[in-house]
Each structure stands twice: as structure tokens, then as C-alpha cells.
Amino acid sequence: MKNKILQIIYDLRTQPVIGWVTIIGTALSIFLIMVVVMMQQVTVLSFAPETHRDRMLYGIYIHVEGEGNTGSAGMCYSLAKKLYDNLDGVEEISYNSSWLDAVDAKGTTGKSYTVQVRNTDEGFWRLFDFKLLDGRYYDAEEVAADRNIAVISEKTARNLFGDNEVIGQHFLLDHNDYEVIGVVADVSMFATMAFGEVFTPKIIKTWDDGSLWGNVTASMLIKPGVDFEYIRNQVKGRYASLDGELAAENRKTVYHESPFDQETVASGVGGSNITPDPSSGRRTRYIIYAILLIVPAINLSSMLHSRLRRRVNEIGIRRAFGCTRKRIIKEILSESFIITAIGGFIGLVAAILFALFYGGLYSDFGTSSVNPSLSMLIRTQTFLFALGACFILNIISAAVPAWHASRLNPVEAINTK
Amino acid sequence: MALIELNGIEKVYRTKEIETTALENINLTVDKGEFVSVMGPSGCGKSTLLNIIGLLDKPTQGTVRLLDTNCNTLGDTALSHFRNANIGFVFQSFHLIPSLNVAANIELPLTYRSGISAAERRRRVDEVLERLDMTHRKKHLPSQLSGGQCQRVAIARAIVGQPSIVLADEPTGNLDSTMGAEVMDLLHDLNRQDGITIVMVTHNEAQAQQTDRIVRFFDGRIIS
Ligand SMILES: Nc1ncnc2c1ncn2[C@@H]1O[C@H](COP(=O)(O)OP(=O)(O)OP(=O)(O)O)[C@@H](O)[C@H]1O
Ligand SMILES: [Mg+2]
């Protein structure tokens, strides 16, 4: 190990260009891969307030065919409840708006701000891990009463009220008077299913006009160990009984594997009238990873080849003193892995910094003001993935040069200057 | 007892246009503890012979027996292990590994041997360094040494694994006469004190005269 590091330092000193290009090339490749990986991870790995993404299911759309009022879109409150309430195996459920309303808000500071409003029920606060900084959340009674009260984010509180006490204050939301009852810590926009700047209990009436349609998502936390298919089968049963009701109007539902898991939601469901296929997103990602690995690997391979050309004599000497072919391959692979790992580490750090400062550009909102936090980026998975990428990069770039080196004729190698 | 036995060795190099017969019907036996020198004009096949004895190259025909083992039947891995255990090489242009310091260069054969601890390897390297009076150069890189010193390190590397055979191809060819004499003394030392069998190629008649036996080559054949 020590000798391998000495060898690498010696190489860097005697062939600085090739050495540094190798390291920087590796770093760049790992950087690109890790940016893609981390931005993907942010969409599926858990972080507060979406602390249990692996156990979440979301019922978002309904698709109805037949005569008259048909189509596919979001659900109204009562339909969402009909399809998703009281399912066996569900630990917690909340009904809340699928799409946020961007609405003008004006507080005591007198300035108007556009805020993202989410209508929710009281279950929302149990389902997601918000951090209450001041005041309280609304309860079931207040939801039922459709009261004009709001829980707002810290940033919104500062915008609307400056440094003043916030609880009990009033503000205008789209020209309607609202009272602030709670303040929660800001939530990353990467928490797409929980994010909001103003939360109001106005979920029932706002989204119930007697038709099937609305903007209500049923967000569910499934009990540990319960199979998602078990939940879906129950929902399928609910669809069947809904069909019974719709039959009189010559309408029927089309089932699209609802509710969806986090990966499906994150990969973009694609439309309310199709069955989402997260595996196609996965395939695309794997192809991107493969391209990001193979293209630099070809370059690194020729780089290693020219580094080894300088060391043909050395390889011959090692063979003379008893180094087997296998050992030559092993030594070259492990030596080149050290270099790959150095480059990979640089690339990973660069990727983390990039995501930290520009990751917001990859959010649904496309703004760098909502960059992911360090704790969202630095995961065991991140390191394992980077290590794995280095490993694969090393194997595909070093295997052929190492194999060639091991097949050198010792006599000719020793006589090579 | 015969340590090296060559029987009917023939070596033909075939390139696209020409065939070169480097060795023709070589029969040679070297006994344990012998110091043999090989002489002959340039291109007569001396290095080729040494490479075949050293199991770095295969003869086109004939058998190579070393330490009562028929080496023709050994595969590449077995040959590597055999070289590691039994043969030390000394080259005209030293062939030290430029990126490794003196100690690491000497240690090289031991790193390819299984069942020997790092501490034991270090102990053996120190012992050889001491013996060759190179301890103070232990951490130097080859580029920081004189030719004579390089060859001493190369000899240290050749004997650190305690081989029974040392093959030296013009070991003094790149050295001035003083340093050459020093290297010769060292080789004689190893031969006498450790009983190492040595086959050395040389162009120096005086050096050859000091050895037990001279094998003279001409055009791929032994002439005496
Ligand atoms: N790889 C090879 N391919 C073709 N011919 C070769 C090869 N190696 C050696 N020869 C030829 O074999 C013959 C013997 O070469 P060898 O190197 O053994 O000579 P030598 O006696 O060691 O010469 P010198 O004293 O100059 O070192 C020469 O004619 C040489 O050109
Ligand atoms: Mg020669």
C-alpha cells in the first residue's frame, strides 16, 4: 500500500500532465454522476418533514370513462375519502391539496408577497414531521368549520410581519382575512408532497363541488411491514363499488395502480389517465450513468495505457523476480483504484458543493433559492454509490491495460528502455 | 550434483522475414556451488541462454532441468513461483525500479513470496543492506546512487530471497574497473560463503579467469 502511494506520487512527479489529467478526468466523471445521483436521491430518500418516504402512498387522480361528465383529473374531497378512508394497514392519512395555489398575501409590513398555499386537514400535521416554532396547528373541528386561520412558514412570517409577534395577527390572503395560529420551520421545496408557505384548513369546502373532480390528494403513511399491494387491492375494491354507483350514469372508473409510492411520484406520474411506470425513469437514469461512466473510462484507459508504457521495463523486472500475471493485474488495478478514488473523492465533494449551491435549479420550482441541505445530500447511500461508481470506472478503464501488461513477454519487457 | 541441466537446447527467433537461430544444440550442466562464466562475441546467444536458464524464455527445443525439476512442463504461474524461490537476476544496466527506494527495491522478490511477514521482510532487507554496506542509502532513490551502488542494490535484490542460482548478464559492463572489481568480489563472496551457484556472462577475460569454469560460445554453439 505504502509503495503504491509512493509509486503514484512518483508518477505524478515524472508524468504530471497524464497524472493530473487522469485525476481531474475521474473527478469530473464522478462529479457529473453524483450530481445526477444526489438530485435523484433528494426526490426519494427521506428527510423531514417527509420522514418516512419509504412508507408513503399517495392517491392523487381519478380516471372515469363513459357518457357525460368523464375524464381524468384530481379528486374532490368526498371522493378521495370514499376511496382511501379507513383502509386496513394505514397508520395515518391526510387529505390536502395536490397543487399549491400561488396567492398574494399582505401582512402588517404592508408589502405584498406571492405565497404558496396548501389546504390541508388536521391529519396533515400528524402525517408529516413539521417543526412547530410558535403557536399551534389547527384541529378537526376547525377544519370542519372551514375557518379562516393559517399556519405559516417562518420565512412567510418574517415577510408579512417583520420581527413582530406573529401569533394572533391577521393578514390578507387573496383579499380574505386570515388569522395566524402557528408558525412552522421552512420546508425544502424538495419535499414536494409536504411543502407549502401558508397552510389553511380549507380542504373540505374548497374542493367539493358535487362533481368527482377537485384537487385533493390522499397522503398515507403505511404501517411498517404492510405490503403496498395489500393497500392497492383494497383501493381496487373501493373502485369496484364506485363503479357500481357510476353504472347508473353509464360511467365507470379506470384503475391506474393508485395509490403511488414515492419513487413513482418523484419520477413524474406522467398524467392522470395513464398507469405510471417508474421503471422507465430508472432505465433512463441507468443509461445516463452508463454513458457518464463509459465515455470517461475510455479516456482514462488510454491515459493508463500511456502511463504503463513508461513502466514496461519495470513490469518485466517484476515478472523476473516472481510476480505472476494475476498479481500484475491486481497491482495495476489496485494502484489505479487509488487514483480513481482520489479523483472520485474530489468529484464527490465538488458534486455536494454544487448541489448545495445550485441544486435548487433541479427542483420542481427551478430556483436556486431552495437548494437542498447538507443532511439531504450526505447519506450512506451517496458514499456507497460514489464508491461503486469509482469501482466500475476503474474496472472498465484499467482492465484492458492491466491485462495487456500481464501478457508482456518478460524478456522483451526487460529490454524495453 | 547438477543444479542446472540443459539438454539439446535450440532457440530460433522467427520474425516475418527471417529466422535467427540464437542457440543450437546446447548441452550444459552446472553443479551446485559452481561459478561459471559465459564468453563469446556479441550476438552469439549468451543472453538468450541466460534467459532460458532463468525461465524467462522458453527454448524452441530441448529440456531445461533446474534443481531436479523439469521446467518445460511448468505453467506460467508455476514458473513465476519457481523463479521467485530459486533464481536471482543481475543485469548489466541494473534495472532497479526508479519509483522505489533502495529498501523497497531490495524487498521486491520477498513481496511475491507467500507466508512471509512484513517484519520478516524488513529484517531480511536490513540484513542484506548491512552485508553490502548500503544501510546508509536505504531511503535513497536509484537516481540518487552511483552506478556501482546501483549494482550493489541489484545484487542485494538478487540474493534477498536466498536463491540457489544467481544469473548475471554482464554485471560489470556499465561500471568502471574499480567498481567492476568490487562487484566481482561481491559475487565471489556470495559464491564461496553462501554456496550460491552463479552463471555470469562477461566480455572481460580477466574476470572470467577468476571463475571456476569458462563456457565459450560462438554463433549459438558452445565451442569449449
Ligand atoms: N526477440 C528477438 N527476436 C529476434 N531475434 C533475436 C531476439 N533476441 C535476440 N535475437 C537474436 O539472437 C541472437 C543472440 O542474441 P543475444 O542477445 O543472446 O546475444 P548476446 O550474446 O547476448 O549478445 P551481446 O553480447 O551483444 O549481449 C542475436 O543474433 C540476436 O539478434
Ligand atoms: Mg547479451
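Leaving aside its neighbours within four places in sequence, with which residues is A:Arg238 in contact? In this predicted model, A:Arg238 is in contact with A:Lys81, A:Lys82, A:Leu83, A:Tyr84, A:Asp85, A:Asn86 and A:Leu87. The residue itself is found in helix α7 of chain A, which covers residues 228-247. One of the listed partners, A:Asn86, has its backbone oxygen 3.5 Å from a polar atom of the A:Arg238 side chain. A:Arg238 has a relative accessibility of 21% and therefore counts as partly exposed, since the buried class is reserved for values under 20%.

A helpful residue to set beside this one is A:Ser219. From C-alpha to C-alpha, A:Arg238 and A:Ser219 are 17 Å apart in space, and they are 19 residues apart in sequence. A:Ser219 is found in strand β12 (residues 216-222) of chain A, and its relative accessibility of 0% means that it counts as buried. Not counting residues up to four places away in sequence, A:Ser219 touches A:Met56, A:Leu57, A:Tyr58, A:Glu92, A:Ile93, A:Ser94, A:Asn96, A:Leu127 and A:Phe128. With A:Asn96 there is also a polar contact, side chain to side chain, at 3.2 Å.

On a broader view, chain A is divided into domain 1 (2-45 + 279-415) and domain 2 (61-258). The C-alpha centres of these two domains of chain A lie 46 Å apart.

Salt bridges come next, and the count over all chains is 36. In one of them, A:Glu91 pairs with A:Arg55, with 3.3 Å between the closest N and O atoms. A:Glu91 lies in strand β4 (residues 90-97) of chain A, while A:Arg55 lies in the loop between α2 (16-44) and β1 (56-59), so the pair ties together parts that are 36 residues apart in sequence. The partners fall into separate exposure classes: A:Glu91 is partly exposed, with a relative accessible area of 40%, whereas A:Arg55 counts as buried at 16%.

Elsewhere in chain A, A:Glu314 takes part in a salt bridge with A:Arg311, the closest N and O atoms being 3.2 Å apart. A:Glu314 also meets A:Arg318 in a salt bridge, at 2.9 Å from N to O. A:Arg318 and A:Glu314 both lie in helix α10 of chain A, four residues apart, or about one turn of the helix. What are the relative accessibilities of these side-chain partners? A:Arg311 is buried at 13%, A:Glu314 is buried at 6%, and A:Arg318 is buried at 12%. These residues belong to a network of salt bridges that links A:Arg311, A:Glu314, A:Arg318, A:Arg327, A:Glu331 and A:Glu335.

Finally, the passage turns to the meeting of the two chains. Here 19 residues of chain A are in contact with 25 residues of chain B. The chains bury about 2200 Å² between them, with 61% of it on carbon and sulfur atoms. On the side of chain A, A:Tyr10, A:Phe321 and A:Val411 lose the most area to chain B, together 29% of what that side buries. Two salt bridges are counted between the chains; B:Asp76 forms a salt bridge with A:Arg325, the closest N and O atoms being 3.5 Å apart. There are also 11 residue pairs in polar contact across the interface. Elements of chain A giving two or more residues to this side are α1 (2-14), α10 (312-320), α11 (325-358) and α14 (410-414), and the largest share, six residues, comes from α10(A). By class, this side of chain A has eight nonpolar, five polar and six charged residues.

Terms used:
Residues are numbered from 1 along each chain as its sequence is written. Chains are lettered from A and ligands numbered from 1 in the order in which they are written. This is a predicted model: local features need pLDDT of at least 70, side-chain atom pairs count only at pLDDT 80 or more; totals for chains, interfaces and linings use all residues. Side-chain values use heavy atoms; hydrogens and water are left out. Contact means heavy atoms within 4.5 Å. Buried area is the accessible area (1.4 Å probe) that two parts lose on being put together, summed over both. A salt bridge is a side-chain nitrogen of Lys or Arg within 4 Å of a carboxyl oxygen of Asp or Glu. A polar contact is a pair of N or O atoms within 3.5 Å; within protein, one must be able to donate a hydrogen and the other to accept it, and residues adjacent in sequence count only if both atoms are side-chain atoms. Ala, Val, Leu, Ile, Met, Phe, Trp, Tyr, Cys and Pro count as nonpolar, Asp, Glu, Lys and Arg as charged, and the others, Gly among them, as polar. Buried means under 20% relative accessible area, exposed over 50%, partly exposed in between (1.4 Å probe, protein chains only). Domain bounds come from an automatic or database domain assignment.
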